[in-house]
Amino acid sequence: MGFSCGIIGLPNVGKSTIFNALTAAGAAASNYPFCTIEPNVGVVPVPDERLWNLAKLLGKENVVPTTLEFRDIAGLVEGAHEGKGRGNQFLDDIRNADVLAHVVRCFRDPDVVHVDGVLNPTREIDVVEAELVFSDLELLERRISKLKKMAKFQERSLQQELSIAEELMEALEEGRPLRSLPLGERHKRLATSLGLLTVKPLFYVANAGEEELQGKGELVEKVREKAEKDSAPCVVICGKLEAELLDLSQEERAEFLNEYGLESSGLERVVLVGYRLLDLITFYTIVGRELRAWTVKAGTLAPKAAGKIHSDMERGFVKAEVIPYDSFVQAGSLAKARDQGLVRLEGRDYVIQDGDIVTFRFTS
Ligand SMILES: Nc1nc2c(ncn2[C@@H]2O[C@H](COP(=O)(O)OP(=O)(O)OP(=O)(O)O)[C@@H](O)[C@H]2O)c(=O)[nH]1
Ligand SMILES: [Mg+2]
């Protein structure tokens, strides 16, 4: 199962423009068939410098990056939780995402209609946030009233759930999204099992006009302030420009970014920030001519990681040969790394680490 990033925001803020640029860039950057699965769902490679370094060291041409799925979700309007706009359909789409990219319009373009007529990033962010909070409140209210009836039977686990639900409710009533709270495991589990939206990690994407691209404009600054207050990451991007950049060759693009004083394209930063927020790690496998990156949640045990590749490998797991990325680069090749004793043999209780290069041994 892959991980999914939902692109949310008010109507006409540039969500589809960014989504299209993301998927088109993904398709252009690699010969692997990254693509649009449905009109609004696309799979995008995760930029990974280590992977390309390894490819160079190993002389591998068949390189498969790990991926993140993006979902372009319809624009949300005030009152969505009461069924306005696409209402509940919209909220259900968000429920399917593991992480949210909240796009905020920071470009002034009189040709593009704005819902309120005036750009006000702070207010616009609040409108979207409020809808998510309302939706969570409704779900919690329903659950709480059910629990109250059931808890009459004095079952301990139900009473515990009730008190956790009431704590979550209290925070939401103060307008605080659940992701902003230091939630314990049980609170997180309940929020997730109820499909609450404000518990999902979220980052902001300030869709700037070309004049604000370097992040100095007042509109972008507003988004930044809000992001900082929430301890959420913020990526500044110009959706329209990114889409246009796709027509350039790789060299021309690099030159262009350089001119604007930007290190990597905004699209790459969007993918990376989303990926990092999910608390994922990347490990690598080298099989025959193929070098491949894989994604697992931090804390995943070796057999489970093997299962990402094939269920037989999890079932028949024997050992994992592991070498950390840095040691590998130092040694320069797998053979040398073995000679220098840098390759470790790990068993089924080994926790896969970010950057591990792994060869699984299994019986079939
Ligand atoms: N000037 C400018 N226009 C942009 C930019 N990004 C998007 N647009 C334009 O804004 C309009 C709306 O963009 P979309 O990407 O369709 O917006 P959306 O958020 O998907 O809208 P909904 O799906 O209706 O919620 C289009 O005409 C885009 O060309 C930008 O960075 N600068
Ligand atoms: Mg759209």
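**Strand E1 and the H4–H7 contact**

Let me begin with strand E1, where both faces are covered, since Ser4, Gly6 and Ile8 on one side and Cys5 and Ile7 on the other are all buried, buried meaning under 20% relative accessible area with a 1.4 Å probe and protein chains only. This is a predicted model, in which local features need pLDDT of at least 70 and side-chain atom pairs count only at pLDDT 80 or more, while totals for chains, interfaces and linings use all residues. Residues are numbered from 1 along each chain as its sequence is written, chains are lettered from A and ligands numbered from 1 in the order in which they are written, and side-chain values use heavy atoms, with hydrogens and water left out.

Strands here are DSSP runs of E with at least two residues, and helices are runs of H or I with at least four, numbered from the N terminus. Because five of the five residues of E1 (residues 4-8) are buried, this strand is largely enclosed by the rest of the structure.

Now to its partners, where pairing requires at least two DSSP bridges between two strands. E1 pairs in the parallel sense with E5 (residues 67-72) over four bridges, and there Cys5 stands opposite Phe70. E1 also runs parallel to E6 (residues 99-106), joined by four bridges, with Leu100 as the bridge partner of Gly6.

Finally, the helices: the axes of H4 (residues 121-150) and H7 (residues 218-229) come within 8 Å and cross at roughly 45°, the axes being lines fitted to C-alpha atoms over the stretch in contact, with angles from 0 to 180 degrees between N-to-C directions.

Key
Buried < 20%, exposed > 50% of the residue type's maximum accessible area, 1.4 Å probe, protein only.
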